[in-house]
Amino acid sequence: MLPKQKITQLVLLGAVAVTAATGGMWLAQEMVQSKITGGPAPADQAQMRDGPLLRLPEPKPIADFDLYDHAGESVSRDALEGEWTLVFFGFTSCPHICPDTLFLLTDVVDRLEGRLPSERLPRVLFVGVDPARDTPEALAQYRERFGGGISAVSGPDEQLRALAMQVGAHYVVPEHEPGTWYNVDHTISVQLLDPQVRWAGVLSAPHDSEAMSDALFRLLGES
């Protein structure tokens with residue numbers, strides 16, 4: 001039989017894993033800090049959640065990065081300044097989850113039109129985490145599936161991982177034979193960046209465009 005302390009640690013780690021999987025990596029880290037080191041408990045999650053939107057108690061600045069867009073042009077952190085951004089990490093060869101989520105996000109933005117001033121409407125940014133296939137040409141074709149209404153970027157794996165880690169996202173590109181199709185496991189939550197390019201919140205799955213647009217309207221309308 002496991003000792004009581006060991007059981008407690010296993011329960012804690014299980015709770016952390018579940019929390020991190022929903023996109024709340026920052027909250028998972030605070031749970032560990034509170035339970036293991038005896039530090040202060042995290043802020044009440046219920047106070048920060050609005051439907052599908054989980055706001056961070058304090059937005060976290062995003063470090064600079066060097067990616068490329070659908071035209072092969074360099075994209076850095078500066079390109080995201082001045083607007084709210086809905087960020088989804090995926091891959092252009094994704095059969096269902098990625099296109100379904102991006103169609104849903106375009107619907108979210110459509111629902112916000114007329115409710116918010118144009119300068120407060122969020123943009124949709126797709127980050128392709130499979131650089132071997134997410135080439136500028138592939139990104140350009142992918143954008144057209146959504147009427148060109150989204151931005152799409154990719155880049156070197158080290159740059160992609162550095163960006164993903166800053167917002168609690170993850171992905172796994174498996175080993176594969178050249179020329180064969182392969183799946184990429186990735187986070188399905190949507191990350192929210194504010195106009196100062198800070199990680200401001202997470203829209204966790206399952207996604208519902210009406211609930212997401214309502215939550216974003218309450219946040220962006222008061223900002």
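**Exercise 1.** In this predicted model, classify D107 as buried, partly exposed or exposed from its relative accessibility, then identify its salt-bridge partner and describe how the two residues are placed in helix α4.

*Solution.*
Step 1. The relative accessibility of D107 is 27%. Buried requires a value under 20% and exposed a value over 50%. D107 therefore counts as partly exposed.
Step 2. The side chain of D107 forms a salt bridge with that of R111, with an N to O distance of 3.0 Å. This distance satisfies the cut-off, which is within 4 Å.
Step 3. R111 has a relative accessibility of 36%, so R111 is also partly exposed.
Step 4. Helix α4 covers residues 97–112, and the two residues are 4 apart within it, which means a separation of about one helical turn.
Step 5. The general principle is that side chains of opposite charge can pair when their charged atoms come close.

**Exercise 2.** State how many salt bridges the structure holds, and assign the residues of the R77–E81 bridge and the D194–R198 bridge to their accessibility classes.

*Solution.*
Step 1. The total is 8 salt bridges.
Step 2. R77 and E81 are joined through their side chains at 3.2 Å, N to O. R77, at 16% relative accessibility, is buried, whereas E81, at 44%, is partly exposed.
Step 3. D194 and R198 are joined through their side chains at 2.7 Å, N to O. D194 is buried, its relative accessible area being 3%, whereas R198, at 28%, is partly exposed.

**Exercise 3.** Determine the geometry of the aromatic pair F126 and Y142, and locate both residues in the secondary structure.

*Solution.*
Step 1. The structure contains 3 aromatic pairs. In the pair of F126 and Y142, the ring centres lie 4.9 Å apart and the planes meet at 35°.
Step 2. Planes under 30 degrees apart would count as stacked, and over 60 as edge-to-face. The pair is therefore tilted.
Step 3. F126 belongs to strand β6 (residues 123–128) and Y142 to helix α5 (residues 136–144), so the pair ties together parts that are 16 residues apart in sequence.
Step 4. F126 is buried at 0% relative accessibility, and Y142 is buried at 2%.

**Exercise 4.** Classify the pair Y142 and F146, and name the aromatic cluster to which these residues belong.

*Solution.*
Step 1. The ring centres of Y142 and F146 are 5.4 Å apart, and their planes stand at 70°. The pair is therefore edge-to-face.
Step 2. F146 has 9% relative accessibility and counts as buried.
Step 3. One aromatic cluster is formed by F103, F126, Y142 and F146.

**Exercise 5.** Identify the rings over which R115 and R133 lie, and describe the surroundings of D130.

*Solution.*
Step 1. R115 places its charged end over the ring of F217, at 4.2 Å from the ring centre.
Step 2. R133 lies over the face of Y182, and the distance to the ring centre is 3.6 Å.
Step 3. Y182 is also one of the residues that D130 touches. Leaving aside residues up to four places away in sequence, D130 touches F91, V173, Y182 and V184.
Step 4. D130 is located in the loop between β6 and α5. With a relative accessible area of 1%, D130 is buried.

Definitions and conventions: Residues are numbered from 1 along each chain as its sequence is written. This is a predicted model: local features need pLDDT of at least 70, side-chain atom pairs count only at pLDDT 80 or more; totals for chains, interfaces and linings use all residues. Side-chain values use heavy atoms; hydrogens and water are left out. Buried means under 20% relative accessible area, exposed over 50%, partly exposed in between (1.4 Å probe, protein chains only). Rings of Phe, Tyr and Trp (its six-membered ring) pair if their centres lie within 6.5 Å; planes under 30 degrees apart count as stacked, over 60 as edge-to-face and the rest as tilted. A charge sits over a ring if NZ of Lys or CZ of Arg is within 6 Å of the ring centre and within 35 degrees of the ring normal. Contact means heavy atoms within 4.5 Å.
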